[in-house]
Amino acid sequence: MTLLVTGGAGFIGGNFVLDWLAQPEAEPVVNLDKLTYAGNLETLASLHGDTRHHFVRGDIADQALMAQLLADHQPRAVINFAAESHVDRSILGPETFVQTNVVGSFRLLEAVRHYWGSLQGAARADFRFLHVSTDEVYGSLGPGDAAFTEDHRYEPNSPYSASKAASDHLVRAYHHTYGLPVLTTNCSNNYGPFHFPEKLIPLMIVNALAGKPLPVYGDGLQVRDWLYVKDHCSAICRVLQAGRVGQVYNVGGWNEKANIEIVHTVCQLLDELRPRSDGQSYGTQITHVTDRPGHDRRYAIDASRLHQELGWKPAETFDSGIRKTVRWYLDHPGWVERVQSGAYREWVQTQYGAAA
Ligand code: NAD
Ligand code: TYD
């Protein structure tokens, strides 16, 4: 029994693979990743030499490759993390988002549909395709609106969320039309170790330590619902294990915070753990900059279905998770430095040679 994970060199997929293989009886993982700027094999360095981890560099839009991998490894499940994931990049260049998130998801679904069609008996009945998606497909909430349930209408506002919405619809259609045994998770904003330092929380930590400005978009009162990445991974495991086929599960931390509050919390933790040499607070580095175009004001997830049906709840509070995260970045300056200098891409060659 094998799992095929796509996008497993990224932030969430990488954490998922590490957590999965930390279980003593874990099934092996075939990890397919294109290694875009966001894919970093150094995140998986601790698995080097572990025969349960098989890395393949490739594109989910390469249907022939996906078909070959499925035929060769006969996975009992596919978990699709692979995506272009950064809203600001989608505003600057939407095309790659359509290519990977829409066309790529479609080609992957096609390969999986044919593979699943070839299975028989228990292998066919037990197979699952789990699609990892985002709360951003639901659009933006007003201050007093109820949190997103799975029945909230889709109102994506950025090229990123629109492309993820399209992939969710394809996944739904493949279940409805072909009976493909799919599961979809729509999760809120994640944070934690190995997060690429162009997203809010790692960017603030890294810039603060480098003495750079902390750029807060607009008034900083946009609200996100933050979940520690390992809690997202545990939710995915639970949905894979016991989720109802065809069902959608929202995943969230019941943790709504305004961006400016997040930035202040990061600064306070750094003031405590790595005080500035001049005795001033890192908060003095906060700078308000031009807002993101079309910036969604508020996201909030109602994760009741996941809790009530499958008994999942997060293990970390925001206080414990953000402290662990800040500590992780303080303890891993080498990882950050190699991401910033681009050296992590050379590391791929050194570590994996021609295989990557
Ligand atoms: P990420 O950008 O850190 O990682 C994405 C990974 O996918 C990278 O390793 C990249 O190399 C790989 N990839 C990109 N295009 C590919 C392609 N065409 N073929 C194969 N691999 C490809 O993203 P992340 O934050 O880890 O997000 C993972 C998934 O979770 C995404 O689908 C995202 O939409 C979803 N999600 C993210 C968040 C969040 O807060 N980060 C929240 C909810 C859902
Ligand atoms: P981000 O981490 O890009 O996630 P998303 O846009 O998918 O929610 O951004 C989180 C929030 O932080 C979002 O409201 C935009 C804001 N933000 C800033 O204020 N400054 C920044 O430099 C970045 C990267 C984000």
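By class, the residues that line the largest cavity of this predicted model come to three nonpolar, four polar and four charged. If you look for them in the structure, you will find Val87, Glu136, Asn157, Ser158, Arg224, Arg292, Pro293, Gly294, His295, Asp296 and Tyr299 around that space, whose volume is about 60 Å³.

How many cavities of 30 Å³ or more does the structure hold? There are two of them, and the second largest encloses about 40 Å³. Its lining, which includes Phe11, Phe194, Phe196 and Trp335, divides into seven nonpolar residues, three polar ones and no charged ones, whereas the lining of the largest cavity has four charged residues.

Let me now turn to ligand 1. The residues around ligand 1 number 28, and those that come nearest are Ile12, Asp33, Ser85, Tyr160 and Lys164. Two of these names return when we consider polar atoms, for an N or O atom in the side chain of Asp33 is 2.6 Å from an oxygen atom of the ligand, and a polar side-chain atom of Ser85 lies 2.7 Å from a ligand oxygen. With Leu35 the backbone is involved, and one of its polar atoms is 3.4 Å from an oxygen atom of ligand 1.

On its own, ligand 1 has 830 Å² of accessible area, and the protein covers 97% of it. The elements that give two or more residues to the surrounding shell are helix 1 (11-21), strand 5 (128-134), helix 6 (159-178) and strand 7 (189-191), with the largest share, three residues, coming from strand 5. By class, this shell has 12 nonpolar, 12 polar and four charged residues.

Methods: Residues numbered from 1 in each chain as written. Chains lettered and ligands numbered in written order. Predicted model: local features only at pLDDT ≥ 70, side-chain atom pairs only at ≥ 80, totals over all residues. Heavy atoms only, no water. 1 Å grid on protein atoms, 1.4 Å probe; cavity = no way out; pocket = protein on both sides within 12 Å on 5 of 7 lines; lining within 4 Å. Points joined across faces, edges and corners; volume = space filled by probe spheres on them. Nonpolar A, V, L, I, M, F, W, Y, C, P; charged D, E, K, R; others polar. Near = heavy atom within 4 Å. Polar contact = N/O pair within 3.5 Å; in protein donor to acceptor, adjacent residues only side chain to side chain. Areas by Shrake-Rupley, 256 points an atom, 1.4 Å probe, with all protein chains shown as cover. Helix = DSSP H or I, 4+ residues; strand = E, 2+ residues; numbered from the N terminus.
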